[in-house]
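Student: Can we go through this structure together? I would like to start with the basics.

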Amino acid sequence: MRGLPLGVKLTAWSALAVGMALLICGVGAVLFIQREQIEALDDQLRNEAHTFFGEVDRAADRVNWSRHSDVKSILPVTRTERLVRIIQSDGHILYENRRSHAQRVGELPSGMSTLDTGAGTMRVGVFKSGHLTLYLGAALNEINSDNSELLKGLIVGLPLLILTVAGGGWWLARKALAPVGKITAATERITALHLDQRLPVPATRDEIGRLALVLNAMFDRLQKSFHQATRFSADASHELKTPLTILRIGIEDLLDSPTLQAADQRAVAALLEQTRRLSSITDGLLLLSLADAGRLKLDLAESDVCDIIAGCAEDASIMADTRQIEIETRLPERLSGIVDTGRLTQILLNLLDNAVKYNLPGGKIRLSAERNTDGSLLIRVANTGTGIPSEKAGEIFSRFFRVNGDASTEGHGLGLNIAHELTRAHGGELTLEQSDETWTVFAVRLPEACAA
Amino acid sequence: MRILVAEDEKKIAGFLRKALREASYAVDEVFDGEAALESAISTPYDAIILDVMMPGRDGLSVLKLMRAQRIDTPVLLLTARGEVSERIEGLELGADDYMAKPFSMRELLARVSAITRRAAATRSTLLKMDDLMMNVLSREVSRTGKPIHLTLREFSLLEFLMRTPETVHSRTSLCEHVWDYHFDTGTNVVDVYIQRLRRKIDDEHELKLLHTVRGVGYKLGFPA
């Protein structure tokens with residue numbers, strides 16, 4: 001139910017509500033009618049009993065209770081046959097027309113009650129007057145069959161009514177939700193690249209109109225902060241890189257200068273190295289600030305992802321060579337995808353760099369790629385090593401995070417975060433799939449849209 | 001050779017002027033976009049070093065207007081941002097190369113020398129350097145008729161070097177052009193590939209073709 005469109009839900013709920021109401025009313029009506037009918041029957045039986053006792057008083061002397069025809073002559077004449085039983089106060093049965101029910105009838109208390117005879121139900125009244133007790137019963141079959149007709153009608157009519165209500169509800173829901181659909185479509189069009197666009201505001205000042213106004217106001221604020229973020233990253237690039245450039249070429253110039261003392265050369269070279277490091281961090285941070293602002297543009301083109309991975313594996317084998325780490329690739333023949341080759345390479349190299357750094361000498365790195373049944377691409381980078389402590393697994397994608405918590409390992413602690421953001425820019429996801437004392441496995445999942 | 005430097009940051013412009021003059025180029029300087037466009041149109045330079053972010057008219061716009069006026073002087077773009085989209089835009093507008101700040105002066109000199117020699121980059125599918133042959137389509141390489149087996153990267157590297165014979169390329173330039181890496185790999189990947197390539201194409205031969213140019217990078221060509 002949770003994933004269904006609102007229109008379907010509204011229709012379903014209204015049909016359900018109407019159905020329930022109709023069912024309750026219908027069943028209530030049937031029960032009410034049945035009760036009324038039984039009460040009418042009870043009244044009739046009482047009247048008949050009253051008439052009978054009147055007749056008995058009047059003809060008491062000339063009735064011979066043992067003569068069937070005599071008794072019959074004073075019994076009330078009715079449309080349907082009644083169950084009749086007349087007993088004297090000493091228990092002697094004066095008259096009885098249905099012996100088969102004798103025992104159960106005899107047990108009835110005085111007043112009206114319903115008796116199941118096995119062949120249908122009966123309403124039986126027990127009336128006392130003087131020394132006589134009269135049992136008078138009428139079959140309920142007719143009333144019951146009337147009611148079952150009514151129930152049948154309800155069973156056939158209810159679904160039809162529900163269908164009608166559902167149809168009406170669907171039409172109404174669609175009509176009411178159409179502006180919401182329009183707003184959704186328009187909102188989807190307003191992405192980071194078209195933040196200057198606004199939603200069309202309906203002429204009506206109802207909830208939908210207000211929604212459009214509120215969303216537009218939100219887009220205004222969003223555009224402003226987006227603008228500031230982008231502006232910041234452009235300004236920061238310029239402001240940071242100008243001094244970095246001057247530093248770098250200045251130090252290089254100094255290194256080349258014939259007047260530089262040999263003793264100072266190492267110190268100046270170290271300065272140059274730090275400048276490079278600073279540039280690399282600056283690049284990383286600017287890239288992340290672009291990603292944060294949603295302005296990271298990809299240069300998408302169809303390429304064979306296997307080629308990209310194979311190339312990265314080749315590069316990694318160079319990084320891994322000095323530590324005798326073995327690199328194994330498991331790739332299909334071809335896996336075409338629409339990706340930014342440079343950025344995907346950067347993702348993979350960042351992962352491979354860690355896979356080498358945190359590996360044990362003589363360890364292994366395993367690279368694999370496959371297409372999932374849902375069309376997405378899955379690339380795994382696995383390495384042997386001591387693994388990431390489980391309490392730190394949640395933090396590994398945060399900026400400047402290092403497993404060892406100090407700067408003892410080279411790098412600047414942005415690699416995983418950058419790989420994470422670049423994967424996200426592709427609409428994909430980078431996750432730590434496994435990390436224990438045997439293998440640490442990172443998975444890059446690229447969505448179906450990246451599959452060519 | 002005469003070079004125009006369009007860079008609004010005076011200190012950087014100063015270093016550029018000094019280094020280019022030491023490399024015996026004649027250098028003219030401008031500090032904004034309008035002046036850059038004017039000079040590019042009025043003077044036939046051998047190359048232009050154009051900063052993207054300048055007051056007035058930005059570098060990309062200067063490049064666009066220049067190319068629209070059929071001024072096809074080689075252009076090396078300098079940019080602070082180094083965004084992929086900006087690099088692609090620059091190359092599509094007709095820039096010959098592109099460098100992100102902070103750059104190394106040696107590398108800049110190598111690239112300036114490369115773009116002033118543009119004729120080399122041909123799109124031929126059969127490449128030849130002395131007795132070293134490459135068929136780009138069938139991906140076959142041989143020297144003195146003897147086939148050489150190269151890996152994916154080694155092949156791309158050799159193809160790039162063979163397309164630009166006698167041109168010195170820095171490590172960063174190779175990284176960008178061959179690997180398409182526009183980020184710092186922080187490794188000696190390029191040197192290792194060059195060593196491997198050298199082992200495969202030069203080791204058994206008297207005449208060496210792949211040379212190290214100290215402090216700058218590598219080139220494919222005949223010994224100096």
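Tutor: We will take the contact between the chains, then salt bridges, then one helix. This is a predicted model, in which local features need pLDDT of at least 70 and side-chain atom pairs count only at pLDDT 80 or more, while totals for chains, interfaces and linings use all residues. Residues are numbered from 1 along each chain as its sequence is written, chains are lettered from A and ligands numbered from 1 in the order in which they are written, and side-chain values use heavy atoms, with hydrogens and water left out.

Student: How many residues does the contact take from chain A and from chain B?

Tutor: Chain A gives 33 residues and chain B gives 34 residues, where contact means heavy atoms within 4.5 Å.

Student: And what area do they bury between them?

Tutor: About 3100 Å², with 61% of it on carbon and sulfur atoms. Buried area is the accessible area (1.4 Å probe) that two parts lose on being put together, summed over both. On the chain A side, Ile249(A), Glu314(A) and Ile318(A) lose the most area to chain B, together 19% of what that side buries.

Student: How many salt bridges cross the interface of chain A and chain B?

Tutor: The rule finds three. A salt bridge here is a side-chain nitrogen of Lys or Arg within 4 Å of a carboxyl oxygen of Asp or Glu. In one, Asp253(A) pairs with Lys18(B) at 2.4 Å, N to O.

Student: How many residue pairs are in polar contact between chain A and chain B?

Tutor: There are 12 such pairs, both residues at pLDDT 80 or more. A polar contact is a pair of N or O atoms within 3.5 Å; within protein, one must be able to donate a hydrogen and the other to accept it, and residues adjacent in sequence count only if both atoms are side-chain atoms.

Student: Which helices of chain A supply the side that touches chain B?

Tutor: H5 (207-256), H6 (262-292), H7 (305-321) and H8 (341-357) of chain A each supply at least two residues. H5(A) has the largest share, 14 residues. Helices (H or I, at least four residues) and strands (E, at least two) are DSSP runs, numbered from the N terminus.

Student: New topic. How many salt bridges are there over all chains?

Tutor: The search of the whole structure finds 37. One of them joins Arg380(A) and Glu370(A), at 3.4 Å, N to O. Arg380(A) is in strand S10 (residues 377-384) and Glu370(A) in strand S9 (residues 364-371) of chain A, so this pair ties together parts 10 residues apart in sequence.

Student: What else is linked with those two in a network?

Tutor: Glu433(A) and Arg445(A) are linked with Glu370(A) and Arg380(A) in a network of salt bridges.

Student: What about Arg111(B)?

Tutor: Arg111(B) forms a salt bridge with Glu107(B), the closest N and O atoms being 2.7 Å apart. Both lie in helix H5 (residues 105-115) of chain B, four residues apart, about one turn of the helix.

Student: Is Arg111(B) buried or exposed?

Tutor: Arg111(B) is buried, at 3% relative accessible area, and Glu107(B) is buried too, at 6%. Buried means under 20% relative accessible area, exposed over 50%, partly exposed in between (1.4 Å probe, protein chains only).

Student: Last one. Which residues of H8(B) are buried?

Tutor: Among them are Val189(B), Tyr193(B), Leu197(B) and Ile201(B). Helix H8 (residues 189-201) of chain B has 13 residues.

Definitions and conventions
Expected span 1.5 Å × (residues − 1).
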